[in-house]
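These are my notebook entries on the charged side chains and how they pair. I set down each look-up in the order in which I made it.

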Amino acid sequence: MMNDPQVQALIYRIEHDDSVDYSNARPDSWDMDEFRVSADGLQVRFDLHEHHANEKDAREAIAEYIRAWEFRAQLKHGPNGFSLRFEEAVVVDRNPDPVDWNHVPLRASGRGGRETAGGRLTVTSKPDSYPSPSADIVLSADAESMHRRYMGYRTQREPLPGMAFFCLSVLEDPEERSKERVSRKRKAAAQRLNVDEDVLAKVGHLSSTSGGTEARKREGIDKPLGSLERRFLEAAIKRLILRVAERAAIPGGDLAQIKAVGSSLFAGASR
């Protein structure tokens, strides 16, 4: 029995499918206000700066941060490309009994978190660094719903045009939808998020008028998406999802404008 337990660190394991291989990733660490997080191999360690007397409270304190890290990494590497599974807590007694000469940190083991699953991919990415965590996003309801639909597309549960159009509709103010023309509501969304209007217009055009067998509308059945068009829609939606989370973090702050490059490619993909 500990007199004054404190969770010193939480240990997690990186889980991923065959779409990514972190064996070449260099050990790295990041300092946050509440903790220092370090990654080495497939182990991630959170050294906590604040006092937490039990594992449950400690895990709850970093849960939102972990979700944001997974959110951003999954946009880059896919739905099963990066997730953290809890392994154990490192607990120390801040007031051990005097006779306990050899007291050392106790490891209170536990299992939790999400198990990764899904189809196995044939293309494997071998990054030389881990996905970078950051504190510059907030997972609003809109960001989460767009992220969920994008992951549905990545796991082949829904077609690209439908997913892209849904995400575009989330950006548009519901009140504006009911009384304004498309150009007006997209202009408002572009201004709010600091996105070039041409980006939103192109997402709307491709998701509504093209798609072949995946098309949302009859007019798109005879217009399959070309490879560059698919690349544009995928990159644009990823970046727009991240931008919604960035805007939620700083509702009135300045954000660099998202622009399209040329006629098909997209600049500013998620980090």
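How many salt bridges does a search of the whole structure find? I worked on a predicted model, and the search returned 16 salt bridges.

Entry 1, R67 and E144. I looked up this pair and found that the two side chains meet in a salt bridge, at 2.9 Å from N to O. R67 belongs to helix α1 (residues 55-77) and E144 to helix α2 (residues 141-154), so the contact ties together parts that lie 77 residues apart in sequence. I then checked the accessibility of R67: its relative value is 22%, and R67 therefore counts as partly exposed.

Entry 2, E172 and K185. I noted a salt bridge between E172 and K185, with the closest N and O atoms 3.9 Å apart. This pair links distant parts of the chain, 13 residues apart: E172 sits in the loop between α3 (160-171) and α4 (174-179), and K185 in helix α5 (residues 182-193). Is E172 buried or exposed? I recorded a relative accessible area of 5% for E172, which means that E172 is buried, as the cut-off for that class is under 20%. K185 is buried as well, with a relative accessible area of 12%.

Entry 3, E172 and R186. I found that E172 also forms a salt bridge with R186, where the closest N and O atoms are 3.0 Å apart. Here the loop between α3 and α4, which holds E172, is linked to helix α5, which holds R186; the two residues are 14 apart. I noted that both E172 and R186 are buried.

Entry 4, a network. I last looked up E15, R85 and E87, and found them linked in a network of salt bridges.

Methods
Residues numbered from 1 in each chain as written. Predicted model: local features only at pLDDT ≥ 70, side-chain atom pairs only at ≥ 80, totals over all residues. Heavy atoms only, no water. Helix = DSSP H or I, 4+ residues; strand = E, 2+ residues; numbered from the N terminus. Buried < 20%, exposed > 50% of the residue type's maximum accessible area, 1.4 Å probe, protein only.
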